[in-house]
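Dear colleague,

Please find the structure below, handed over for your reference. A summary of what was found in it follows.

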Amino acid sequence: MTETPQGHHDAPHPTRTAGLTLAEVESLARTAHEGQRDKAGRPYAEHLRAVAEGVGARGGTPDQIAAAWLHDAVEDGVLSERWLAGAALTPRTKAIVLAVTKRSGESPQTYARRILQTPGARLVKEADLAHNADPARLAVLDGPTRDRLTHKYATMRALLNLPDLPDH
C-alpha cells in the first residue's frame, strides 16, 4: 500500500468515506463545533460522539457514521452547504447530512419526508433522536423546555415510523 503526498493510502479502507477517514471527519466536526454547548450545557462534541456511536451500534455504514458526526454542522451554521458540496466525502454522506439538516420554517412533515426519501438518513436521525431524548439529558432542563422537547422528539419519531423509546 503506497501513501499519497497527503498521507492517504491508495488502497480502500473500511473506515474511509471518499477522501476523509472517519477519524478525520470526527476531528473536523469537533473543530467546527468547538466551544458550542448543547441545551444541557455540555460540550456539543459529546452529542456528536453519541450520535456517531449510536449509528455504529445500529449497524450503520461508514457513510452514515460520517454523516452522524456532521449531522448538525450545516444546520448550526458551523459548516456551509458550499463547504459540504466540495468536501472529500461520498455523495451518500453528503445527501444524508443535507437530509437531516432542518431548514428554517420547514414543517416537521416535510422534514421527515425528506429524511425518509434519502437512503441512510433515517438511521442517523434515529440515533440523533435517541440521544436527544435521553432522560439523563432531559432531566437537567427546566420543565417547560423538557416537555416541549419530549413532545417534539416523539412527534418526529412517529413521523419517521420509529418505535417509541422505552421508559427509563
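**Helix packing and ring contacts**

Helix α7 passes helix α9 in a left-handed crossing. Please bear in mind that this is a predicted model. The two helices, α7 spanning residues 121–132 and α9 spanning residues 143–159, pack with their axes 10 Å apart and at an angle of about 155°. Because angles over 145 degrees count as roughly antiparallel, α7 and α9 are therefore assigned to that class. On the α7 side, the contact is made by Lys 125, Glu 126, Leu 129, Ala 130 and Asn 132. Helix α9 contributes Tyr 153, Met 156 and Arg 157. By class, the residues of this contact of α7 with α9 comprise 4 nonpolar, 1 polar and 3 charged.

Helix α3 takes part in two of the contacts described here, with α5 and with α1.

The first concerns α3 (residues 62–70) and α5 (residues 91–99), whose axes come within 8 Å and cross at roughly 40°. The two helices are therefore oblique to each other, and α3 passes α5 in a right-handed crossing. From α3, the residues making the contact are Asp 63, Gln 64, Ala 66, Ala 67 and Leu 70; from α5, they are Arg 92, Thr 93, Ile 96 and Val 97. This contact of α3 with α5 divides into 5 nonpolar, 2 polar and 2 charged residues.

The second concerns α1 (residues 22–32) and α3, with axes that come within 9 Å and cross at roughly 10°. As angles under 35 degrees count as roughly parallel, α1 and α3 are therefore described in that way. In α1, Leu 22, Val 25, Glu 26, Leu 28, Ala 29 and Arg 30 meet α3. Their partners in α3 are Pro 62, Ile 65, Ala 66, Trp 69 and Leu 70. The contact of α1 with α3 holds 9 nonpolar and 2 charged residues, and no polar ones. Ala 66 and Leu 70 of α3 thus appear in the contact with α5 and also in the contact with α1.

Turning to the aromatic rings, how many aromatic pairs does the structure hold? The number is 0. One ring does have a charged residue over its face: Lys 102 lies over Tyr 111, at 5.6 Å from the ring centre.

With kind regards

Notes. Residues numbered from 1 in each chain as written. Predicted model: local features only at pLDDT ≥ 70, side-chain atom pairs only at ≥ 80, totals over all residues. Heavy atoms only, no water. Axes fitted to C-alpha atoms, helices over the stretch in contact; angles between N-to-C directions. Helix = DSSP H or I, 4+ residues; strand = E, 2+ residues; numbered from the N terminus. Parallel < 35°, antiparallel > 145°, perpendicular 65-115°, else oblique. Left-handed = near helix turned anticlockwise from the far one by under 90°. Contact = heavy atoms within 4.5 Å. Nonpolar A, V, L, I, M, F, W, Y, C, P; charged D, E, K, R; others polar. Phe/Tyr/Trp six-rings, centres within 6.5 Å; stacked < 30°, edge-to-face > 60°. Lys NZ or Arg CZ within 6 Å of the ring centre and 35° of its normal.
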